[in-house]
Amino acid sequence: MLRELARPAALCALLCLATPALGKVVVPTLEELPRLAQETQHQTACSRISNYFTRAHYKLVRIDRRFVDQVIDRLLYFLDYNRSLITSGEVDEIYKNRDRIAESLTQCDLAYPYELYNNNLRRRFAKYSYFIEAVKRGVDVSGHERLIIDRHRNASFPSTESELHALWDTELKNEFEVQLLSKKTEEEARKRIIRRYEIALSKLEQSNSEDAFSTFENAFAAAIDPHTNYLSPVDSENFNDDINLSLEGIGAVLSSEEEYTVINSIIPGSPAEATKRLRPKDRIVGVRQENGTYDDILGWRLSDVVRKIKGPKGTVVTLDIERIDGGNTKTFSVRIVRDKIKLQEREAKGKIHEINGSKVGVLTIKSFYNNLHQDIERELRMLLGQGMEALVIDLRNNGGGLLPEAIDSTGLFIHSGPVVQVRDVAGNIVPEFDNNPQISYEGPLVVLVNRLSASSSEIMAAALRDWGRAVVVGDTTFGKGTVQQNRPLSRIYDFNDNKMGSIHYTIAKFYRVNGGSTQLKGVEPDIRFPSMVDSEEYGESSEVNALDWDSVPSASYRPYTGLEGLIPELKARHEARVKGSKEFSLLARDLERYQALKSRDSLTVNLAERRVMQKEDDDYSLSTTNERLRLMGLPPVKAVSDLKPDFEFTDTLLNEAIAVAHDLAALGAGKER
């Protein structure tokens, strides 16, 4: 199964049952923190991981000085993402010990990585304790300090302990203000922060040897490429549950970033997707159960967070979310009714849209699941039976799925021939064919994609474009052109009861039938729509150590002709519509504002200034919301929160894709050429 697994250090799919609430918080002393050490099974697991990564990975891996430095870079990323726990001198000392890191990789002597992890626990203890004592003394939010928004990209490690403490003071002021801006009183804000970090301290005491092992092995994996990772025994079980979609919950994939639990992706057809309010990179900071019990989960172990959010079908969980948007931190709550992941909601769905007296079908494909091509055939028969004259395939936010389904589904729109080429570790290039000469639909065809269209979505979009069967519209796709394999580390002859988890590693690379790769560059649209996602934050090109783009010889195929000559006219008509479109004007304004906010690299921690910023943001959101409601012929609202949670605005980009498909039909395109 082709899947995107970002930040793999600790991934869990929220699909099964809840456990009782945790007991009263017990704050440990520094002396009570565990001293973690390598366990017996980790020697064996480490050796097998090293063997696979250096001998079976698609990328040639040499454990040299340059590679070891990449491992250290990733290890520091996992241990101190925000560069707020250790000093630059300590970082230099770690790089000086690169020989010990190399020994850990090749000989599986993990004493030094465990030493670093133990030191990290104590650094976190110091920071959390500092926050508790500082907030008790009182937080002055009248100064004019500034907090760097993304320290990992825009700041170096503090050079001294005093600089480190000054940074902690600024971080605490920001966190205190987030509480006040969320309508908490000063006393409520203090209590919540104290409670939050007491819980975080208690979780440090529960750290175990597997945590340290997983962190180091994932630094090894991430130094190779962003889709290679080690999964602990618990994460391996959750990964299998995710693939099978067999259990119950909300349907989101989470990871840990320092003390935060972060949403990586939303499973199509899940309760989380149905809210239409959650998105990748959202932080979950609190969980409220149906009976009213509430847990502030900052600093929690990911497995404990998952157990809180999971639950049986029909029960309700409310998540408190923090979202960093253009430098501002927004807080809101999302109510979710747990349910089974409904496969019928993942199914391809077709619908007729009428435009200027013509009928354009829209086929929405959320993922490439088993037997997708059969569902597409069914929907095409239904749409054609209703008089469809042109078709839009909507692949937005489709993260991929099964390669055979991408091939069979593409084959419904072309005669038999190659759909994608795959190059393996040995350099063999094998075209993957659609062998069915029958075509289910040969009319005008448009494929709508965005930055979150990945993997199998990119294969389908690229193949239909290269064959000359479809016009691609939207945004440049994700750029994931690699194939991963999951392999358990345990063997039947192992004489211990300890499971050893699994690895997920890259074994091949995809290429278009024209010889180009979807890796890194993605699929460029013929007609570009405004991007709703920041390409610097999302996409393969934003990932560290992503494999390079390259090409192979073109496959042997005979594309359809005629489509290329129509694209200039389609672009001209699109641009004419956009020029006079109020909906597109709003999109352009949103993007301009977002880019202006994003260009800031720091944020004031002056409360009065933050209140002004919050009001400007709220006023802008309300203004644009009411403009969109007016364009839909609906009355305005007094507050954005007055809209129903499941309210949907007009899908401007889909409507434009439908208009392009209508133009394509009017120009006489789509018939077999």
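Let me begin with two helices in this predicted model, α18, which covers residues 582-598, and α20, which covers residues 652-666, whose axes come within 10 Å and cross at roughly 130°. What does that angle make of the pair, in words? An angle between 115 and 145 degrees counts as oblique, and α18 and α20 are therefore oblique to each other. The handedness of this crossing of α18 and α20 is left-handed. If you look for the residues that touch, you will find Glu-583, Phe-584 and Leu-587 on the side of α18, and Thr-652, Leu-653 and Glu-656 on the side of α20. Sorted by class, the residues in this contact of α18 with α20 are three nonpolar, one polar and two charged.

Now please keep α20 in view, and turn to helix α17, residues 567-579. The axes of α17 and α20 also come within 10 Å, and they cross at roughly 140°, so these two helices, α17 and α20, are again oblique to each other. The crossing of α17 and α20, however, is right-handed. Which residues make this contact? From α17 they are Leu-570, Arg-573, His-574 and Arg-577, and from α20 they are Glu-656, Ala-659, Val-660, Asp-663, Leu-664 and Ala-666. The contact of α17 with α20 holds five nonpolar residues, one polar residue and four charged ones. You may notice that Glu-656 of α20 appears here, having already been named in the contact with α18.

Let me move to another part of the chain, where helix α7, residues 161-181, meets helix α8, residues 186-204, with axes that come within 9 Å and cross at roughly 125°. That angle makes α7 oblique to α8, and the crossing of α7 and α8 is right-handed. On α7 the contact involves Leu-172, Glu-175, Phe-176, Gln-179 and Leu-180, while on α8 it involves Glu-186, Ala-189, Arg-190, Arg-192, Ile-193, Arg-196 and Tyr-197. In the contact of α7 with α8 there are six nonpolar residues, one polar residue and five charged residues.

From the helix pairs I would like to go on to the empty spaces. How many cavities of 30 Å³ or more does the structure hold? There are three of them, and I will describe the second largest cavity, which contains about 40 Å³ of space. Its lining is made up of Val-419, Val-420, Glu-458, Ile-459, Ala-462, Ala-463, Phe-510, Tyr-511, Arg-512 and Thr-518. At least two residues of that lining come from each of three elements, namely strand β15 (417-424), helix α16 (456-466) and strand β20 (502-511). Which element gives the largest share of the lining of the second largest cavity? It is α16, with four residues. As for the character of the lining of this second largest cavity, seven of the residues are nonpolar, one is polar and two are charged.

Technical notes
Residues numbered from 1 in each chain as written. Predicted model: local features only at pLDDT ≥ 70, side-chain atom pairs only at ≥ 80, totals over all residues. Heavy atoms only, no water. Axes fitted to C-alpha atoms, helices over the stretch in contact; angles between N-to-C directions. Parallel < 35°, antiparallel > 145°, perpendicular 65-115°, else oblique. Left-handed = near helix turned anticlockwise from the far one by under 90°. Contact = heavy atoms within 4.5 Å. Nonpolar A, V, L, I, M, F, W, Y, C, P; charged D, E, K, R; others polar. 1 Å grid on protein atoms, 1.4 Å probe; cavity = no way out; pocket = protein on both sides within 12 Å on 5 of 7 lines; lining within 4 Å. Points joined across faces, edges and corners; volume = space filled by probe spheres on them.
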